[in-house]
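Got the viewer open? Show the chain as a cartoon, keep the selection box handy, and we'll hop from stop to stop.

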Amino acid sequence: MAQSPSSDPSGRGEPITPLPVQAPADARRVALGERLFHDTRLSGSGDRTCATCHDLSTNGAAPPGTAVDRQGGALPLDTMTVFNAGLNFRLNWAGTYRTLESQAEALIESPAVMGADLDEVIERLRADGPLADAFVQAYGHGPDRPALLDALARFQRSLTTPDSRFDRWLRGEASALSDKEVEGYRSFKALGCASCHQGANVGGNLFQRHGIFHPIAMPDPPIVRVPSLRNVATTAPYFHDGGTATLEKAVRDMASAQLGRRISDEQVDAIVAFLRTLTGTYRNQPVRAP
């Protein structure tokens, strides 16, 4: 049986902390945001939704090869999962957006993504009596830009995936991990992976230059917002260009490119075993690959 770090429910002393279980601040606004997340009227052509690229029934991202722009061309960067996005200090690979509201506004009006005019979107929503009533119940008035963006952001902040086996281990459940998985976590820390991938979101809280020792992925953008490793076993392919198909290769390449280290097959296997323990649950179901 693997030994747990402590019985302290905060996982104190570890670079990674358990994912907090958060109750929605306003259930009506979150529910409205969920409706909007799946509403085709947020796209200019009426055939796309936020869920087109962020599948909540699987890993919160898009299956490989399905994230395309409105003209059918491949998007330049791999689609990041929306799960736990509210815990990131910046959003998207380049860290362009500071808030979920500003990101939602930009993507709705992006010609490549949703291709809509927000003022026209608001008019379409106002014409829907039951939906307009839902805005009144949640915000005290009908649809407008701030309420639309707030509802979408509140729903996205609710998309956390708690109760991973690793979180249970951090909270003192020693049997949640095997000896091999614990050894993988120790290697993860000893090699320096945890210098960038730490905190409750196992990343998502700093920028880093990629390819420090050796090139990795495409060169642009040269500096990226470090991604979260929550649910990473379900989100292949990897890196900002989506060019690495397996978690094993991603671990080996990261050790070489970012740490200047060649690691053994045994180390790779153990680290991958640890990373698989970061898979949490959404609505009481394990997050899964497409």
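Start by selecting valine 21. Is valine 21 buried or exposed? Its relative accessible area is 66%, and since the cut-off for exposed is over 50%, valine 21 counts as exposed. Keep in mind throughout that you're looking at a predicted model. Valine 21 sits in the segment before H1. Now add proline 162 to the selection and draw a distance between the two C-alpha atoms: you should get 6.3 Å, for residues that are 141 positions apart along the chain.

**Zoom out**

Go back to the whole chain and count elements. There are 10 helices and 4 strands. Trace them from the N terminus and the order reads α-α-α-α-α-α-α-α-β-β-α-α-β-β. Spin the C-alpha trace around its principal axes, and the spans come out at about 60 × 40 × 30 Å. How does the radius of gyration of 20 Å fit with a compact globule? For 290 residues, a compact globule would have a value near 19 Å, so the 20 Å of this protein agrees.

Switch on a surface if you like. The accessible surface comes to about 13,300 Å², and carbon and sulfur atoms account for 52% of it. Of the 290 residues, 47% are buried. Color by charge next: you'll find 30 positive and 33 negative side chains, with the centres of the two sets 4 Å apart. One more number before we go inside: take the contacts between residues at least 6 apart in sequence, and 65% of them join residues at least 24 apart.

**Into the largest core**

Select Leu32, Leu36, Leu42, Leu56, Phe135, Leu148 and Leu152 and show them as sticks. These are the residues that touch the most other members of the largest nonpolar core, which has 32 residues. Which helices supply at least two residues each? They are H1 (27–37), H2 (50–53), H3 (100–109), H4 (118–126), H5 (129–139) and H6 (145–157). H6 gives the most, with 6 residues. As background, nonpolar side chains tend to be buried together in soluble globular proteins.

Center on leucine 148. Setting aside residues up to four places away in sequence, leucine 148 touches Leu36, Leu42, Leu118, Val121, Ile122, Leu125 and Phe135. For a second, separate core, select Phe188, Leu191, Ile271 and Val272: they are among its 31 residues.

**Two stops on helices**

Pick one of those partners, valine 121, in helix H4. Valine 121 is buried, with a relative accessible area of 0%. Beyond its neighbours within four places in sequence, valine 121 is in contact with Arg41, Leu42, Ala116 and Leu148. Measure across to serine 43 while you're here: the C-alpha atoms are 7.9 Å apart in space, while the two residues are 78 apart in sequence.

Now jump to aspartate 150, in helix H6. Is aspartate 150 buried or exposed? Its relative accessibility is 16%, and because buried means under 20%, aspartate 150 counts as buried. Show its surroundings and, leaving out neighbours within four places in sequence, you'll find Arg29, Glu101 and Tyr139 in contact with aspartate 150.

**Backbone oddities in the loops**

Head for the loop between strand E1 (207–209) and strand E2 (223–225), where proline 221 lies. Check the bond that joins aspartate 220 to proline 221: this peptide is cis, with omega about -10 degrees. Next, move to the loop between E2 and helix H9 (247–259) and pick proline 237. The peptide bond between alanine 236 and proline 237 is also cis, and omega there is about 5 degrees.

Stay in the loop between E2 and H9 and select asparagine 231. Its phi is near 60 degrees, a positive value in a residue other than glycine. Asparagine 231 is buried, at 2% relative accessible area.

Last stop: asparagine 284, in the loop between strand E3 (281–282) and strand E4 (285–286). What is phi here? Phi of asparagine 284 is near 70 degrees, again positive in a residue other than glycine. Put the two asparagines side by side in the surface view: asparagine 231 is buried, whereas asparagine 284, at 72% relative accessibility, counts as exposed.

Methods
Residues are numbered from 1 along each chain as its sequence is written. This is a predicted model: local features need pLDDT of at least 70, side-chain atom pairs count only at pLDDT 80 or more; totals for chains, interfaces and linings use all residues. Side-chain values use heavy atoms; hydrogens and water are left out. The radius of gyration is taken over C-alpha atoms; the globule rule is 2.2 Å times the number of residues to the power 0.38. Buried means under 20% relative accessible area, exposed over 50%, partly exposed in between (1.4 Å probe, protein chains only). Contact means heavy atoms within 4.5 Å. Accessible areas come from the Shrake-Rupley method with a 1.4 Å probe; for residues, only the protein chains shown count as cover. Lys and Arg count as positive and Asp and Glu as negative; His and the chain ends are not counted. The place of a charge is taken as NZ of Lys, CZ of Arg, CG of Asp or CD of Glu. A nonpolar core is a set of buried Ala, Val, Leu, Ile, Met, Phe, Trp, Tyr and Cys residues joined through side-chain atoms within 4.5 Å.
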